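Here are a few short exercises to work through with the model open beside you. Try each task before you read its solution.

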Amino acid sequence: MKQTRAIVITGNGTNCEMEAAHACKLGGFDETVIAHIAEILSGDIRLDDFHFLNLTGGFLDGDDLGSAKAQANRLKNASVVGTDEKLVEQFTRFISNGKLILGVCNGFQLMVKMGMLPGFDGNYLQQTVTLTHNDCGRFQDRWTCLKVDSDSPCVFTNGIAKGIYLPVRHGEGKFLCDSAATLARIEDGHLAVLRYSDAGYTEAATEFPVNPNGSTNAIAALCDPTGRLMGMMPHPEAFVHYTQHPRWTRETLPEEGDGLVLYKNAAEHVKRNLI
Amino acid sequence: MAKRIEVALRAGVRDARGERIKREIDHFLHLNVEDVRTLDVYTVDAALTKNELEQAAAGPFSDPVIQTWSIDLPLATGFDYAVEVGFRPGVTDNVGRTAREAVAYLTGRPFAEGENVYYSVQFLLAGGLTIVDVEKIVTGLLCNTLIQRYSILSAVDFSAKGGFPPFVPKVSGATKVEVREIDLEVPDDELLKISKDGVLALTLEEMQIIQGQYRDPKVLAARKEFGLGAKPTDVELECLAQTWSEHCKHKIFAGTVQYEDENGNRQEIKSLFKSFIQRTTKDVRERMGDKDFCLSVFKDNAGVIKFNDRHSLVFKVETHNSPSALDPYGGALTGIVGVNRDPFGTGQGAKLIFNTDVFCFADPFYAKPLPSRLLHPRRIYEGVVEGVEHGGNKSGIPTVNGSLVFDERFAGKPLVFCGTAGLMPAVVNGQPGHDKYIKPGDLIVMTGGRIGKDGIHGATFSSEELNENSPVTAVQIGDPITQKRMFDFLIRARDKGLYRFITDNGAGGLSSSIGEMAGECGGCRMDLARAPLKYPGLNPWEILISEAQERMSLAVPPEQIDEFCAMAVRFGVEATVLGEFTDNGVFHMLYGDRTVAWLPMEFMHEGLPPMQLPAKWTPPQHAEPMLDEKGNYTDDLKKLLSALNICSKESVVRRYDHEVQGGSVVKPFSGVNNDGPSDAAIVRPILDSFEGVVTAHGICPRYSDIDTYHMTANAVDEALRNYVAVGGSLDLVAGLDNFCWCDPVQSDKTPDGAYKMAQLVRSNQALYDVCMAYNLPLISGKDSMKNDFYDGTTKISIPPTLLFSVIGKIEDARKAVTMDVKRPGDIVYLLGATGDELGGSEYFALSGSIGNKVPLVDAATAYQRYQAYHGAVNQGSVASCHDLSDGGLAVAAAESAFAGGYGMNLDLSRVSWKGDEAGKNDCALLFSESASRHLITVHPEQRKQFENIMHGNCFASIGVVTEETKLAITGLNGDAVITACLAELKEAWQQTLREL
């Protein structure tokens with residue numbers, strides 16, 4: 001039987017590759033490779049050989065020019081060694097081949113700054129939204145309740161009843177759109193997959209700290225109209241087992257953490273559609 | 001001509017950075033500013049076309065959704081004063097470096113020599129400010145003039161001049177490389193002057209030893225062969241100064257102490273380090289026999305212990321006090337990324353799994369005048385917190401445990417302790433992971449950052465008190481991303497077996513790292529001209545001792561060098577061969593063909609006789625405070641909860657990523673609202689296993705005012721009782737000692753040196769005694785012995801401080817226990833006895849007193865109880881456990897209750913008492929800080945099981961967890977002594993530092 005294959009890109013300040021790979025494995029991928037960007041730029045590893053791409057958390061290039069800006073520039077402009085191929089072509093081909101991309105935190109920042117999200121009209125290289133400094137002006141590590149839009153086309157959140165509970169760990173997570181029209185198109189298309197909310201997952205939250213960064217309409221995650229590309233500020237890979245929950249010593253929790261469903265859905269989608 | 005690219009936020013986009021500065025101006029300087037906005041400025045000094053500049057501005061430099069940009073056209077409007085702040089020439093400019101790389105990707109061609117991009121920030125201030133106010137804002141807040149430059153323009157001048165002109169902070173100056181010879185055939189006062197003027201920190205005796213070496217005919221004859229004369233070169237003298245500095249050589253801990261106790265008993269101690277610290281480990285290991293888990297102690301950059309059959313744990317804690325006093329942000333950032341290199345450079349290299357940090361500051365609300373060179377404690381607090389935040393978060397290492405400790409005397413020097421643990425394979429390429437060696441003929445390779453004038457004399461300047469003339473060059477700024485890239489490369493190179501030996505470049509730079517490595521095989525020959533420089537113009541001695549960051553030194557076998565270097569290029573890491581290791585007994589430095597230093601290894605490492613240190617212990621006597629018997633202590637409890645040393649540090653802790661790497665089991669906060677203070681941290685470094693690493697620490701400098709013996713005993717006990725509380729196993733736990741002392745060497749500047757030295761002796765005695773009782777081997781540590789400020793009139797010495805850290809294991813992390821009470825009806829137990837031990841307590845500190853009855857640690861009894869408690873944890877009968885420390889029982893009970901969201905009824909008459917019954921009263925029972933105590937809750941159905949396993953130990957059931965959200969404590973006569981709702985207690989605890 002053919003293998004389901006996930007790849008996690010690391011290097012230049014990516015930090016969450018180990019736990020993201022672990023989540024892919026628990027989610028059911030037959031193989032998960034942690035690839036340093038140097039190994040992709042050198043041509044040793046090619047995105048074409050994988051079904052699920054993880055762009056995960058960290059501080060790409062120290063977020064020195066604004067979060068993930070320098071990596072977005074690198075991916076757009078760098079060529080694979082010894083070829084005429086720009087790296088970005090591997091990305092666009094990956095998308096057009098119907099494969100899955102999940103960007104978490106710094107990975108989400110990278111996706112919006114490359115223009116991969118929201119990805120209207122099949123244009124994955126046009127930036128229309130951004131993630132910028134939290135209103136509180138500081139990095140925040142805290143857990144958040146995330147209300148799901150169950151009408152979303154998102155492949156990853158399929159089956160989540162009301163919401164999920166995950167940590168955010170960022171200084172630049174405030175979601176903004178370039179225009180009211182973009183926001184309306186996102187919301188009308190149910191592309192705002194997750195929103196910061198109250199503990200019952202009923203109301204989107206506007207106030208700190210329940211909304212940790214001041215995001216427009218409490219938007220915490222975004223998908224493209226196909227539902228195969230998703231970016232989110234909270235960390236699903238940080239909650240795949242109950243011992244990662246901040247209150248596991250006082251609550252009765254299932255073995256699996258809330259974030260694992262995203263990886264399971266990804267593996268399931270790959271099995272059904274790409275193998 | 002350099003071009004300025006300005007990037008501004010679009011109208012209507014919130015400027016969070018500007019708002020934060022506005023708040024800080026208000027908080028710090030009490031100036032009323034209407035508005036602060038900020039712009040990013042990139043000064044591009046490179047041959048780019050107009051089109052390329054526009055692409056850079058529109059691409060990597062700006063975000064089209066929220067920002068606009070311009071080239072050579074000011075964007076600022078609507079302000080009264082504009083201020084631009086950038087780095088001084090040669091200071092690490094991380095944003096500039098990233099911008100430069102981004103442009104190179106964009107254009108597809110590398111920058112030419114001398115071309116660069118420089119970053120600065122423009123601040124636009126609006127409101128009724130005078131130029132004096134603006135100067136105050138700039139120098140007091142926006143700009144650290146040690147490392148940064150600024151210019152100010154009023155709105156009128158700004159429009160007249162068309163904004164700020166481009167400014168290129170390129171390092172200029174002489175590029176002539178020079179090696180000086182220093183004449184040591186001079187009178188003693190001139191010898192001392194050479195040391196003082198050169199920031200060599202060498203004493204007269206040490207200068208004379210060097211003088212003697214250069215009179216030895218055999219040495220002179222050997223030197224002649226290499227074209228060297230009878231005078232030492234500056235390279236040699238600087239190298240010896242680094243190698244022999246207190247910072248590198250630990251002369252005080254290695255010295256011979258004549259100790260006299262309070263009864264006139266005299267004792268000669270040859271090396272405190274050998275007599276106490278090393279002996280502790282040796283004796284504990286002997287007693288453990290085949291259960292010994294120590295793998296590498298005291299000989300490498302960090303200590304190594306066994307974790308399981310396949311992995312070993314590595315741990316090191318460092319301090320970075322002196323640099324943090326001068327540049328809090330850069331000093332602390334360098335502190336954390338610097339200590340990262342210790343476990344990374346241990347054995348064959350380790351993956352880093354967590355950071356810890358402990359900061360000691362003066363009151364951030366300090367309102368009295370300070371000596372001119374000292375920064376305000378609040379600014380140090382802000383800078384240090386942010387430096388460690390950036391260093392830790394950007395490196396992807398979770399910060400899992402720490403403390404903030406406050407005492408006014410830390411205004412003289414803040415203490416910045418940074419720790420890092422790592423995990424290494426037990427076996428790498430067929431060899432123990434913790435072992436390494438060098439063969440003569442192996443190549444000397446330096447990887448990572450380049451060398452500049454940053455951090456010159458860091459080792460020697462921190463070996464002296466902070467003074468008016470402390471050198472600017474001693475400060476560095478870390479670059480976590482360059483380091484991360486290097487680690488990504490080196491860990492892969494390790495697994496491929498591409499190097500034989502690795503160590504870090506820290507204090508003393510190459511002189512120290514290569515000097516120590518050469519000690520492994522017996523010599524080295526290195527060409528300083530081959531070292532990659534940030535900018536031209538460094539003299540050989542500067543190249544040798546620069547503490548420029550993000551560098552590791554390696555020994556690479558010649559047959560592996562091509563593969564090693566090729567891999568480095570692929571990973572974007574600079575690797576340079578500087579020479580080779582030899583076995584000829586000489587530390588031989590060249591600059592091109594010319595020999596610039598020729599130092600026999602034996603003289604470098606063994607040439608210094610031990611220091612002679614007098615120590616005399618006279619126990620201090622403090623006024624014993626008269627305690628008023630109060631009917632009600634609720635207000636006192638609230639005051640304690642608000643005290644700086646006890647209050648919530650959540651505003652700081654949430655800025656540190658404590659969960660990255662995914663192994664977090666016990667986080668810094670526990671409880672129903674994720675905000676109760678956890679005692680210790682647990683992480684699972686291997687995600688498909690439930691084996692956990694547990695870490696905790698103890699620190700109690702207040703007790704040093706009474707007796708450093710008991711300060712130390714309590715610090716060790718506090719670390720272990722925190723560790724035990726969450727479920728750490730006593731079968732696999734090791735300690736690290738970090739001594740931060742005020743200068744204990746008797747001199748004119750330090751007339752009370754003999755007392756301070758006696759304090760150090762007593763601390764070491766306690767360390768041995770208590771660690772022996774607890775079976776705690778010491779695996780690594782560090783000392784920092786000159787934590788004083790002296791400007792000729794004012795002297796501020798820190799209280800002698802020991803940070804004791806522990807690292808160990810919990811076999812099954814799913815059995816971990818947190819400090820929050822879990823459900824109403826649970827029985828509350830107090831483990832351990834309480835005594836009349838309010839000396840040095842937070843309670844006495846409320847009224848400015850110290851007292852004398854410091855808590856005494858009964859380690860033998862405590863150890864038995866800790867073992868019994870661990871048994872209870874293993875059988876699952878403990879619902880919650882919180883350690884008792886600052887503020888005693890009342891504070892611990894309040895914290896456990898409000899963390900869990902349930903109340904507690906406690907009865908003081910049921911508490912076990914130790915010592916004289918005459919001292920037993922409600923106040924002591926509530927607030928005494930008697931050691932080795934835990935507050936436990938147990939579900940009623942587990943009661944029997946719990947009591948059975950604790951049988952034979954001192955513990956008492958003292959109350960019950962209640963549904964009602966109130967803390968109710970009754971006193972000895974049955975009356976209520978504390979009654980408070982949890983919400984008000986929690987508010988008292990949270991309010992103090994919430995806004996910082």
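Helices (H or I, at least four residues) and strands (E, at least two) are DSSP runs, numbered from the N terminus. This is a predicted model, in which local features need pLDDT of at least 70 and side-chain atom pairs count only at pLDDT 80 or more, while totals for chains, interfaces and linings use all residues. Residues are numbered from 1 along each chain as its sequence is written, chains are lettered from A and ligands numbered from 1 in the order in which they are written, and side-chain values use heavy atoms, without hydrogens and water.

**Exercise 1.** Find where C105(A) is located, and say what is unusual about its phi.

Step 1: look in the loop between β4 and α5 of chain A, where C105(A) is found.
Step 2: check the backbone; phi is positive at about 60°, although C105(A) is not a glycine.
Step 3: check the surroundings; C105(A) is buried (under 20% relative accessible area with a 1.4 Å probe, protein chains only; exposed is over 50%, partly exposed in between), at a relative accessible area of 5%.
Step 4: go to chain B for another case; E550(B), in the loop between α19 (540–545) and β20, also has a positive phi, near 60°, and is buried at 6%.

**Exercise 2.** Work out which strands pair with β3 (residues 52–55) of chain A, and which way its side chains point.

Step 1: take strand β1 (residues 5–10) of chain A, which pairs with β3(A) in the parallel sense over 4 bridges; two strands pair if DSSP finds at least two bridges between them. Here A6(A) stands opposite F52(A).
Step 2: turn to strand β4 (residues 100–104) of chain A, a parallel partner of β3(A) over 4 bridges, where G103(A) is the bridge partner of L55(A).
Step 3: sort the side chains; F52(A) and N54(A) point one way, L53(A) and L55(A) the other, and all are buried.

**Exercise 3.** Find the order of the 7 strands in the open sheet of chain B, then identify the strands at its edges.

Step 1: trace the order, β18-β20-β17-β21-β19-β22-β23, with mixed pairing.
Step 2: pick out the edges; β18 (501–504) and β23 (594–600) of chain B each have a single partner strand, so one side of each is left without a neighbour in the sheet.
Step 3: note the twist, which averages 25° from one strand to the next.
Step 4: follow β18(B) to its partner β20 (residues 551–556) of chain B; they pair in the antiparallel sense over 4 bridges, with F501(B) bridged to A555(B).

**Exercise 4.** Describe how α24 (residues 708–726) and α25 (residues 753–774) of chain B pack.

Step 1: get the geometry; the angle is about 35° and the axes are 7 Å apart. Axes are lines fitted to C-alpha atoms, for helices over the stretch in contact, and angles run from 0 to 180 degrees between N-to-C directions.
Step 2: list residues that meet (contact means heavy atoms within 4.5 Å); among them are M711(B), V716(B) and L720(B) in α24(B), and L767(B), V770(B) and Y774(B) in α25(B).

**Exercise 5.** Locate the cis peptide bonds that lead to P118(A) and P209(A).

Step 1: the bond from L117(A) to P118(A) has omega near 5°, and P118(A) is in the loop between α5 (106–114) and β5 (129–132) of chain A.
Step 2: the bond from F208(A) to P209(A) has omega near 0°, and P209(A) is in the loop between β9 (194–197) and β10 (219–223) of chain A.
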